[in-house]
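Welcome! Let's take a friendly tour of a protein chain, stopping at a few features along the way.

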Amino acid sequence: FFRCNAFMNYGTINPMANNTWHQKFDSANALLLSIKNAINSSASDVEVASKSMEIRKAFAKFDQELSDLHNALATMGGTAGENARRKGKLSKLQQERALLQESFKARTGITIEKWKNTGKSAKGKGPAEESLETLGMENQQILEHQRNVLDQQDEDADQLYLATQRIKNVGLMIRDELTEQDKLLDTLGAEEDIAIGKLSKEKGRLGKLVELNKNNISFCCVLLLIVGLFVLIFFLLGVL
């Protein structure tokens, strides 16, 4: 699959002589070219996916070699122009790697981590660590960029704090409103209980009144029947 000198294990060479650095650069460039061919020359996404393990290993190997090249710049001599040309070459490698990373993700759905300098510069002993946003920048420019990013993060944190305070205040207002609603419901419940009690008493009184009226009507009917009976008896006796 990847048949090129890029798979040779050079290890970390630090410091490098100028010729050795360029040899290392050529090795990394050849490895990147083999990755590009493996991704773009395949006819189908399935074929690329079948080679995904080898491609990911090649990315890891390339990342290590790219870190070696970056770290070597901290200890190499040369003029400012030479160092600028070396940085320009590394920037092109990083840009090409980023494009291949996105292409690999589009064809396989597999995400590969962005390149990070795993050598001395990642620990603060070499040049400042670069990202895709800082490609081609000098160390001082990278540090200035990082300070701007930190300032922006502080501003975002302040905005987030203010938003959190606003949400908190709204929550407190909602809590107070709910408390007032609870008190109102309690008052309505108490008044409802009193009204139900009064209705129950009036219902009892009404029941007694109806029962009393029933008894009076029955008494009147009996009395009328008795009077009628006496009248009928006297009438019959008078006839006889």
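## A pocket and its lining

The second largest pocket is lined by R56, F59, A60, D63, R97, T111, I112, E113 and K114. Keep in mind as you look around that this is a predicted model. The volume of this second largest pocket is about 160 Å³.

Which helix gives the largest share of the lining? That is helix α3, spanning residues 52-72, which contributes four residues to the second largest pocket.

## Charges that pair

Side chains of opposite charge can pair when their charged atoms come close. How many salt bridges does a search of the whole structure find? The count is five.

In one salt bridge, the side chains of D68 and K24 meet, with 3.7 Å from N to O. This pair connects distant parts of the chain, since D68 sits in helix α3 and K24 in helix α1 (residues 18-40), 44 residues apart.

## A negative patch

Now turn to the surface. Here D151, D154, E155, D156 and D158 form a negative patch. To place one of them, find helix α5, which covers residues 139-239: D158 lies in this helix.

Definitions and conventions:
Residues numbered from 1 in each chain as written. Predicted model: local features only at pLDDT ≥ 70, side-chain atom pairs only at ≥ 80, totals over all residues. Heavy atoms only, no water. Patch = residues over 30% accessible without salt bridge, like charges linked within 9 Å, V, L, I, M, F, W, Y side chains within 5 Å. Areas by Shrake-Rupley, 256 points an atom, 1.4 Å probe, with all protein chains shown as cover. Salt bridge = Lys/Arg side-chain N within 4 Å of Asp/Glu carboxyl O. Lys, Arg positive; Asp, Glu negative; His and termini not counted. Charge placed at Lys NZ, Arg CZ, Asp CG, Glu CD. Helix = DSSP H or I, 4+ residues; strand = E, 2+ residues; numbered from the N terminus. 1 Å grid on protein atoms, 1.4 Å probe; cavity = no way out; pocket = protein on both sides within 12 Å on 5 of 7 lines; lining within 4 Å. Points joined across faces, edges and corners; volume = space filled by probe spheres on them.
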